[in-house]
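Thanks for coming. I have one structure to go through today, so please have it open in front of you.

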Amino acid sequence: KLKDIVQSINSSANSAYNLLEEILMWARTQQGKIPFNPQNLKFRSLCQEVLLSFDLAAQRKGIAIEIRVADDLMLFADRNMLNTILRNLISNSIKFTLKNGSVIIEAVKIGDETLITVSDNGTGIESENLVRLFKISEVITSPGTEGETGTGLGLLLCKDFVEKHGGKIWAESQPGKGSQFKFTISG
């Protein structure tokens, strides 16, 4: 029982920290104070690093996370920004996926771009909310499958960071059938 309590406290502390970090990063982005330092990155390794912070949340819900990325896939991207994009999209996938669900991270080179997809078999998104996801004037936040909360700023931050890389971000979803968040990185 003590172990469960400690894990719960740890999870709450991490959530609070991530929330504060997200708000501060979004504010700094709006002020143009986030440096953009692209470098060659091994994408699969970066995914594995990001997933370490989600082990507990995924285990608690019995969610399997799979990385379908070639070992040698390289991206020319800002490590911190790409980390933030992945962290937000994976966090949302876990948040809106029911117990024993799955989350898949995929990446493929298409010409001079890389298409990255974070998909889940979760609750999905109503079509009227899909068009509002990346708009500052219509920040959407809703509780996850187990009451998880968020600020609604994560996707806005993702959009800003993807656009800094010359890419685009969008979502495809159907209620009850999960969601796919896709974005491109140029170069």
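I will start with the overall layout, then take the sheet, the helices and the core, and end with two polar side chains.

Keep in mind that this is a predicted model. The chain has 187 residues, and 39% of them count as buried. There are six helices and seven strands. Reading from the N terminus, the order of elements is α-β-α-α-β-β-α-β-β-α-α-β-β. As for contacts between residues at least 6 apart in sequence, 74% of them join residues at least 24 apart.

Now the sheet. What is the strand order in the open sheet of five strands? The order is β2-β4-β5-β7-β6, and the pairing is mixed. At the edges are β2, residues 64-68, and β6, each of which pairs on one side only. From one strand to the next, the twist averages 15 degrees.

Look next at β5, which has a partner on either side in that order. With β4, β5 runs antiparallel, and eight bridges join the two. Within that pair, glutamate 106 stands opposite threonine 117 in β5. The hairpin of β4 and β5 has two residues between the strands, and glycine 111 there takes a positive phi near 65 degrees. With β7, β5 again pairs in the antiparallel sense, over eight bridges. Here valine 118 is the residue opposite phenylalanine 181 in β7. β5 is also mostly covered, with seven of its eight residues buried.

On to the helices. α2 lies across β2, β4 and β5, and runs at about 165 degrees to β2. Which residues of α2, residues 43-52, are buried? They are Phe43, Leu46, Cys47, Val50 and Leu51. Viewed down the axis of α2, these buried residues fall within an arc of 135 degrees, so they line one face of the helix.

α6 has a longer list to read out: its buried residues are Gly154, Leu155, Leu156, Leu157, Cys158, Phe161 and Val162. After α6 comes glycine 166, with a positive phi near 75 degrees.

That brings me to the core. In soluble globular proteins, nonpolar side chains tend to be buried together. Here the largest nonpolar core holds 42 residues, and the members touching the most others are Phe43, Leu82, Leu86, Ile90 and Phe183. Two or more residues each come from α2, β3 (74-78), α4 (79-95), β4 (102-110), β5 (113-120), α6 (154-164), β6 and β7 (179-186). Of these, α4 gives the most, with seven residues.

Isoleucine 90 is worth a look on the screen. Setting aside neighbours within four places in sequence, isoleucine 90 is in contact with Val50, Leu51, Phe54, Ile105 and Val118. Two of those names have come up already: Val50 and Leu51 are among the buried residues of α2. Val118 is the residue that stands opposite phenylalanine 181.

Now the two polar side chains. Arginine 44 is in helix α2. Where does the side chain of arginine 44 reach? It goes to the backbone oxygen of valine 69, at 2.9 Å. Not counting residues up to four places away in sequence, arginine 44 touches Ile67, Val69, Ala70 and Asp71. Arginine 44 and methionine 74 are 30 residues apart in sequence, yet their C-alpha atoms are 8.5 Å apart in space.

The other one is serine 173, in strand β6, residues 169-173. Is serine 173 buried or exposed? Its relative accessible area is 17%, and buried means under 20%, so serine 173 counts as buried. Its side chain makes two reaches to the backbone that I want to point out. One is to the backbone nitrogen of isoleucine 125, at 2.8 Å. The other is to the backbone oxygen of glycine 178, at 2.8 Å. Not counting residues up to four places away in sequence, serine 173 touches Gly124, Ile125, Leu130, Gly178 and Ser179.

To sum up, we have an open sheet of five strands with mixed pairing, α2 lying across β2, β4 and β5, and a largest nonpolar core of 42 residues. That is what I wanted to show.

Notes
Residues numbered from 1 in each chain as written. Predicted model: local features only at pLDDT ≥ 70, side-chain atom pairs only at ≥ 80, totals over all residues. Heavy atoms only, no water. Helix = DSSP H or I, 4+ residues; strand = E, 2+ residues; numbered from the N terminus. Buried < 20%, exposed > 50% of the residue type's maximum accessible area, 1.4 Å probe, protein only. Polar contact = N/O pair within 3.5 Å; in protein donor to acceptor, adjacent residues only side chain to side chain. Contact = heavy atoms within 4.5 Å. Arc of directions from axis to C-beta. Core = buried A, V, L, I, M, F, W, Y, C linked by side-chain atoms within 4.5 Å. Pairing = 2+ DSSP bridges. Axes fitted to C-alpha atoms, helices over the stretch in contact; angles between N-to-C directions.
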